[in-house]
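I set aside some time today to look at helix packing and at pockets. Here are my notes, in the order I took them.

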Amino acid sequence: MAMCRSSLTVVAAGLAALLASAVAGAQGRPGGAPPAAEAPPPAVLIRNVSVWDGVADRATPGQSVLVEGHLIRRIAAAIEAPAGATVIDGGGRLLMPGIIDAHTHLALPMDRPFREDPGYVDALSLQAARIVLMHGWTTVRDLGGPSQGLARAIAEGIAEGPRVYTSAAFISQTSGHGDFRDLTERHPNGGGVPDAFEHRYALLADGPAEVRRAVRESLRQGATAIKMMAGGGISSQYDPIDTTQFSLEEMRAAVESAADWGTYVAVHAYTDAAVNRALDAGVKVIEHGHLISEATLKRIKAEGAYLSSQSFGAARRYAARAADTERGRKGAQVIAGVDNLMGNAKKLGIPVAFGTDAFGSMRAYEAGPSEFGYRLRWFTSLEILKQATSINAKLLALTGPRNPYQEGPLGVIREGAYADLLVVEGDPLADVRLLEDPAKNVRLIMKDGKLYKQTL
Ligand SMILES: [Zn+2]
Ligand SMILES: [Zn+2]
């Protein structure tokens, strides 16, 4: 009996150790739920603010917002401060949701980062994340590049930055927009040990079987959604803009494999041919779309797909400077379509997601807020702010069970929502360009209930 008890004790101790390591493993798992913070931030009561919820056409003045832990607990005209709470007087200013960037690349902070020292590139990425957060941008959809480690460090509260919905490595066909090899470089699937480029930045896949493997590999690495290159791109050398990439069967394989994990495929696509093939395959999120016709845009709307596009305002300057290079010519080709796309989207009432497609230099992240002003050519300030908050949040939610943030909604100011919020000087609902100077006009930045800036 005694022996039996002692061996039971050993078994119990072993099981406890196993469970403890399983719990630790679950917390560290890429793409898994973020671990609970060691100590929740103290309650914060922000009084005397005009609340814009990210959805309504106007703000509600004379409100108080109580934040407890990571969430907004109460919104009311008068709220008694709980014991120990930090109390902030908003001075009647506007309180609004933190901004969401629907398309960025925090892990591509320099040109061809896969040719550089990984530690240096990661340091730049971390700094890019800080820059973005201090704009008042509290969440990003990261659409390609190895941002999963950064996403995890931010979720664990170790690194400072926005919440990151990572797609991990791009998935590209051979000679697609994710194939950045020089002409003399061997194909990574041709045998031997895959290099850093292959595993960290892009997975080259040809044929449905390879595409399935690439999608599953990305999901294993922590991708919350899959990013596929469905047509030619600007920054890659050997795929003209007009090329259509991946066959219907390949793209269907990707959509099915992503759906098996409860998530979706977003495609990089500029042309009618690329977008229509993606829609044929069941893709629900189109990135860019700058060269598509009104008919294709109508199809996107009719099928309930999403358009995540950019004004490429900052890229205009680059394309002008690089006009005599192949990249410059490709850039100009795409930029020529921006007016037509955005004008048609406005006319058809399509809720274009707000994004920057920032990558390639630290300047790209610093210039992110210029997207607000460029969009004024086609949309009102209110429309742009809805795109950058509640509309973008719908895209984030398409990740279903892969959504790393499931305690409440993002992109809205509502009881039970994540406490990602800004207090802003002036009225950005009337002039969104106020958010182009966040150092001056964004007076308070809170993410996940924690204050990152407080100048009130
Ligand atoms: Zn792209
Ligand atoms: Zn991109």
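**Entry 1: helices 9 and 10**

Which residues in helix 9 meet which residues in helix 10? I should say first that I am working from a predicted model. On the helix 9 side I found Ala315, Arg316, Tyr318 and Ala319. Their partners in helix 10 are Arg327, Gly328, Gly331, Ala332 and Ile335. I sorted the residues of this contact into five nonpolar, two polar and two charged.

Next I looked up the geometry. The axes of helix 9 and helix 10 come within 8 Å and cross at roughly 140 degrees. Angles over 145 degrees would count as roughly antiparallel, so I noted the pair as oblique. Helix 9 passes helix 10 in a left-handed crossing.

**Entry 2: the largest pocket**

I then turned to the largest pocket, which has a volume of about 990 Å³. I counted 44 residues in its lining, and those nearest its centre are Ala315, Asp357, Phe359, Gly360 and Ala364. I was pleased to meet Ala315 again, since I had already noted Ala315 in the contact with helix 10.

Which elements give two or more residues to the lining? My list has helix 4 (196-201), strand 11 (226-229), helix 9 (313-321), helix 10 (326-335), helix 12 (362-366) and helix 13 (370-375). Helix 9 gives the largest share, with seven residues. By residue class, I have the lining down as 21 nonpolar, 14 polar and nine charged.

**Entry 3: helices 6 and 7**

Helix 6 (residues 248-260) and helix 7 have axes that come within 9 Å and cross at roughly 50 degrees. That makes helix 6 oblique to helix 7. The crossing of helix 6 past helix 7 is right-handed. Leu248, Met251 and Arg252 of helix 6 make the contact with Arg277, Ala278 and Asp280 of helix 7. I tallied three nonpolar and three charged residues here, with no polar ones.

**Entry 4: helices 7 and 8**

How do helix 7 (residues 272-280) and helix 8 (residues 294-302) lie, and what is their crossing angle? Their axes come within 10 Å and cross at roughly 20 degrees, so I wrote the two helices down as roughly parallel to each other. Helix 7 passes helix 8 in a left-handed crossing.

From helix 7, Asp272, Val275, Asn276, Leu279 and Asp280 meet Thr296, Arg299 and Ile300 in helix 8. The contact residues come to three nonpolar, two polar and three charged. I underlined Asp280, which I had also listed in the contact with helix 6.

Notes
Residues are numbered from 1 along each chain as its sequence is written. Chains are lettered from A and ligands numbered from 1 in the order in which they are written. This is a predicted model: local features need pLDDT of at least 70, side-chain atom pairs count only at pLDDT 80 or more; totals for chains, interfaces and linings use all residues. Side-chain values use heavy atoms; hydrogens and water are left out. Axes are lines fitted to C-alpha atoms, for helices over the stretch in contact, and angles run from 0 to 180 degrees between N-to-C directions. Helices (H or I, at least four residues) and strands (E, at least two) are DSSP runs, numbered from the N terminus. Angles under 35 degrees count as roughly parallel, over 145 as roughly antiparallel, 65 to 115 as roughly perpendicular and the rest as oblique. A crossing is left-handed if the near helix is turned anticlockwise from the far one by less than a right angle, and right-handed if clockwise. Contact means heavy atoms within 4.5 Å. Ala, Val, Leu, Ile, Met, Phe, Trp, Tyr, Cys and Pro count as nonpolar, Asp, Glu, Lys and Arg as charged, and the others, Gly among them, as polar. On a 1 Å grid over the protein atoms alone, a cavity is a set of points where a 1.4 Å probe fits but cannot get out, and a pocket is an open set with protein on both sides within 12 Å along at least five of seven lines; lining residues have an atom within 4 Å of a point. Grid points are joined across faces, edges and corners, and a volume is the space filled by probe spheres set on the points.
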